[in-house]
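Dear colleague,

I am handing over the structure we spoke about, and I would be grateful if you could look through it with the notes underneath at hand.

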Amino acid sequence: MVARLVIAAPSSGSGKTTVATGLMAAFAAAGLAVSPHKVGPDYIDPGYHALATGRPGRNLDAYLCGPDLIAPLFAHGAAGCDLAVVEGVMGMYDGAAGQGELASTAHVAKLLRAPVVLVVDASSQSRSVAALVHGFASWDPEVRVAGVILNKVGSDRHEALLREALDEAGVPVLGALRRAAQVQAPSRHLGLVPVAERRGDAVESVAALASRVREGCDLEGLLALARSAPSLPGEAWDPRTGLGRSPASPSSSSNAGRAVIAVAGGAAFTFSYAEHAELLAAAGAEVVPFDPLRDEQLPDGTAGLVIGGGFPEVYAPELSANEQLRKAVAELALSGAPVAAECAGLLYLSRELDGKPMCGVLDAGARMSERLTLGYREAVAVSDSVLAAAGTRMRGHEFHRTVVEPGAGSAPAWGLHKPERRVEGFVQRNVHASYLHTHWAAEPGVARRFVERCTP
C-alpha cells in the first residue's frame, strides 16, 4: 500500500501544478521517496514533477489506457515509494468531452481510492469559498474531498475569513499560500515551458515552490491523510506481462544481440511516456537516447528510431543547422529501418518546418498555425505499418499548433472517427509518422511489433 493524495481544483488556473509540484519537492526534501503522477495526457507537468522528486513523472489517463489500467500503472510507478502525489487535470469533474466522468480527476481518484485535496483560487472571494467547496465535496459521494489548500491568499485577514467560512463547510484547511508571482513558470502556446528548456531556472522555481509549501501547508496533516488511503486490489502493471512474457523471467544484463533503438530527446523532443521505453526494453531492445540538437550522428548500431513529441518549432534553426544528423536520419529511413514519429517527430521528418530544411523523409511541409488542435481521438490504423496492422484500434490525443501539408500520405497512418472523420499521417517504407500521441501500455503489441521489425 502506497500512501497517496490527489491534488484537484475547481478549474484550470487554480494552482494545481504549483501545489502538487511544491508538495512533491517538499516531501522529497524531507527524505520521503515520492512518486509523481499526472492525470491526463499532458507531458510538460511531469517534467517538473520529475525534477521535484528525482523519479520519472508518469501519466494516468483513463481515456488513452482505459480505466482498468489506471490502478496497475499507478502501482507500477509508485512501487517502493513512501508517498504518491497525483496532480489532476482541468476542473475536478472535467473529463473526455461528452463521455461523462471518463478521464477526469474525480474518475481517477475513485479508481485509485485516493483522498482528494482541493486547491482553491481564493483571490476574489471570502465566505463564498464554503459554498464552492461544499458543492465539489458533495457532488459525487464516491469522491472523498478530504481537505482544502487555499491559493493566492491576499493577507492574514483574508485567510482568517476563508478559514472561518470553511469551518462551516466541514472540510479542513490543510494549507494557505500567499500570492507569489516570482515562482510562476513561464508558458507559451502549449502550456508551461518544459524543464529541459530552462533547467537552471526550473530548479530554482521548484525549490521556491517547496519552500512556499513548507511554510503554508500542514505537511504532517497531508501525510496522515495520504496514509489513510486503503490498499489497492490487483497487481501492478509490468511491461513484460503486458507483452505476454513472464515478469519473473530474468532480463539479460548484457545488451549483446539486442536491437539498438535510438530515442530522440533533449530540449526539442521532451514528450514521451516513461512506459514506452520500458516496453521497448522488455520487448528485447537496447534503448539509447540521443539529442538532435547536439548529436551529429545516431547512436552506434541504430536499427530503429523513435521520435516523440516536443517543440521542434522553437528550435527549427538549430535542428536545421545540424545537417549531418538530418542526413543520417534520412539515410536510416531510406535503408528501410523502422521509424516511429509522433507530432514533433512528424515535423522533423518533413521536408521543411517554417521554411527551415528538416530531414526530408516525408514529402510534406510543416508550419506554425494560429489554430490550436487539441483533443482526444478514436483511431484505426489505415495501413499496415511497423507499429500496427491495418484495422488496429487505438485511442490517442492531438495537441499542436502546427500544420503539415498534405495532412496525409497516399498510405495514411490513422483514420480518426471523433470528433470528425478524416485520415492523417504517413506510412511509407518502414516509417510511421503522425500527429497522434498514443499510450503504448494500452496496446503493448505496438512496442513488440516495432522491436521485431528492428531485429534481424
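What follows goes through a sheet, the helices that pack in this structure, and an aromatic pair.

Please keep in mind throughout that this is a predicted model.

I begin with the sheet, which is open and built from seven strands in the order β3-β2-β4-β1-β5-β6-β7, with parallel pairing. The edges are taken by β3 (58-60) and β7 (173-178), each of which has a single partner strand, so that one side of each is left without a neighbour in the sheet. On average, and with direction ignored, neighbouring strands of this sheet are turned by 25 degrees against each other. At the β3 edge, strand β2 (residues 34-39) runs parallel to β3 and is joined to it by three bridges, and His 37 stands opposite Arg 58 in β3.

Helix α8 (residues 219-227) lies across β1 (3-8), β4 (83-87), β5 (116-121), β6 (145-153) and β7, and runs at about 110 degrees to β1. Helix α8 also meets helix α1 (residues 16-29): their axes come within 12 Å and cross at roughly 95 degrees, which makes α1 roughly perpendicular to α8. In this contact Leu 23, Ala 26 and Phe 27 of α1 meet Leu 219, Leu 222 and Leu 223 of α8, and by class the contact has six nonpolar residues, with no polar and no charged ones.

A further helix pair is formed by α5 (residues 128-139) and α6 (residues 156-169), which pack at an angle of about 40 degrees with their axes 8 Å apart. The two helices are therefore oblique to each other, and the crossing of α5 and α6 is right-handed. Val 129, Ala 130 and Val 133 of α5 make the contact with Leu 162, Ala 165, Leu 166 and Ala 169 of α6; sorted by class, these are seven nonpolar residues, with none polar and none charged.

Finally, the structure holds seven aromatic pairs, one of which joins Tyr 63 and Tyr 376, whose ring centres are 4.2 Å apart and whose planes stand at 25 degrees, so the pair is stacked. This pair links distant parts of the chain, since Tyr 63 is in the loop between β3 and α3 (70-78) whereas Tyr 376 is in strand β16 (residues 365-381), the two being 313 residues apart.

With kind regards

Technical notes
Residues are numbered from 1 along each chain as its sequence is written. This is a predicted model: local features need pLDDT of at least 70, side-chain atom pairs count only at pLDDT 80 or more; totals for chains, interfaces and linings use all residues. Side-chain values use heavy atoms; hydrogens and water are left out. Axes are lines fitted to C-alpha atoms, for helices over the stretch in contact, and angles run from 0 to 180 degrees between N-to-C directions. Helices (H or I, at least four residues) and strands (E, at least two) are DSSP runs, numbered from the N terminus. Angles under 35 degrees count as roughly parallel, over 145 as roughly antiparallel, 65 to 115 as roughly perpendicular and the rest as oblique. A crossing is left-handed if the near helix is turned anticlockwise from the far one by less than a right angle, and right-handed if clockwise. Contact means heavy atoms within 4.5 Å. Ala, Val, Leu, Ile, Met, Phe, Trp, Tyr, Cys and Pro count as nonpolar, Asp, Glu, Lys and Arg as charged, and the others, Gly among them, as polar. Two strands pair if DSSP finds at least two bridges between them. Rings of Phe, Tyr and Trp (its six-membered ring) pair if their centres lie within 6.5 Å; planes under 30 degrees apart count as stacked, over 60 as edge-to-face and the rest as tilted.
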